[in-house]
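Colleague: I'm new to this one and would like a close look at a single part before I try to take in the rest. Could you walk me through it?

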Amino acid sequence: MSVNDPLGDMLTRIRNAQMRGKSTVRTPASKLRAWVLDVLKDEGYIRGYETVEGGRGLPELEVSLKYYEGEPVIRELRRVSKPGRRVYMSVKEIPQVRQGLGVSIVSTSKGVMSDAAARSANVGGEVLCQVF
């Protein structure tokens, strides 16, 4: 099975696991996925993640999901830039998600970071996804 959008696949796995009330979810490991998970962890949307060995000896990322009073902390997880339509924005164009309550995850020349970090570093880039 080939996945054309590995990041979109990971976001969907997280959404599905939260709907089922799971505490952890696994996704194939990649640098981009790990960087996005780093931002989610720094912003407090997930407990954390660790690299484990999955089926066929390939590395997987095991994501520990976070709940507050039984409800998932992540209410919505939306892919912005897709393989068919990439979305790039300058530092001035990066939108605020839910008046600053949410986070845009941006892939910049200085690495993958939250929208606030991108603004303070004064860099734009590809808007990967939005979380709130």
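Colleague: Let's start with N122: in which loop is its place?

Modeller: N122 sits in the loop between α3 (115-121) and β10. Keep in mind that this is a predicted model. N122 isn't a glycine, yet its phi is positive, at about 60 degrees. It counts as exposed because its relative accessibility is 56%, and the cut-off for exposed is over 50%.

Now look at what lies around that loop. V123 belongs to a core of five residues, which also takes in I94, M113 and A118. That little group lies apart from the largest nonpolar core, which has 24 residues. Inside the 24-residue core, the residues with the most contacts are I14, V36, L37, L40 and I105. β10 (125-131), at the far end of N122's loop, is one of the elements giving two or more residues to it, along with α1 (6-19), α2 (31-42), β3 (59-65) and β8 (103-108).

To see how those pieces meet, pick L37. Leaving out residues up to four places away in sequence, L37 touches M10, I14, I46, Y49, L61 and V63. L37 itself is among the buried residues of α2, together with R33, A34, V36, V39 and L40. On the α1 side, the buried residues are L7, G8, D9, M10, L11, I14, A17 and Q18. An α-helix has 3.6 residues a turn, so residues three or four places apart point the same way.

Both helices have the span you'd expect. α1 has 14 residues and reaches 20 Å from its first C-alpha to its last, close to the expected 20 Å. The end C-alpha atoms of α2 are 16 Å apart, which agrees with what its 12 residues should span at 1.5 Å a residue. Each helix is also followed by a glycine with a positive phi: G21, just after α1, is at about 75 degrees, and G44, after α2, is near 85 degrees.

Back towards our loop, S104 in strand β8 is a handy link. S104 counts as buried because its relative accessible area is 0%. Beyond its neighbours within four places in sequence, S104 is in contact with P95, V97, M113, S114, D115, V127, C129 and Q130. M113 in that list belongs to the five-residue core, while D115 falls in the α3 range given above.

N122 also has a counterpart worth a glance. R98 is another residue with a positive phi, of about 50 degrees, although it is not a glycine. R98 is in the loop between β7 (88-89) and β8, and with a relative accessible area of 47% it is partly exposed. R98 also helps line the second largest pocket, along with Y45, Y68, E71, P72, V73, R75, L101 and F132. About 220 Å³ of space lies in that pocket, and its lining divides into six nonpolar, no polar and three charged residues.

One last stop takes us to β3 again, by way of T24. T24 lies in strand β1 (residues 24-28) and is partly exposed at 33% relative accessibility. Its C-alpha and that of E62 are separated by 6.5 Å, although the two residues are 38 apart along the chain. Setting aside neighbours within four places in sequence, T24 is in contact with E62, V63 and S64, and V63 is also one of the residues that L37 touches.

Definitions and conventions: Residues numbered from 1 in each chain as written. Predicted model: local features only at pLDDT ≥ 70, side-chain atom pairs only at ≥ 80, totals over all residues. Heavy atoms only, no water. Core = buried A, V, L, I, M, F, W, Y, C linked by side-chain atoms within 4.5 Å. Buried < 20%, exposed > 50% of the residue type's maximum accessible area, 1.4 Å probe, protein only. Helix = DSSP H or I, 4+ residues; strand = E, 2+ residues; numbered from the N terminus. Contact = heavy atoms within 4.5 Å. 1 Å grid on protein atoms, 1.4 Å probe; cavity = no way out; pocket = protein on both sides within 12 Å on 5 of 7 lines; lining within 4 Å. Points joined across faces, edges and corners; volume = space filled by probe spheres on them. Nonpolar A, V, L, I, M, F, W, Y, C, P; charged D, E, K, R; others polar. Expected span 1.5 Å × (residues − 1).
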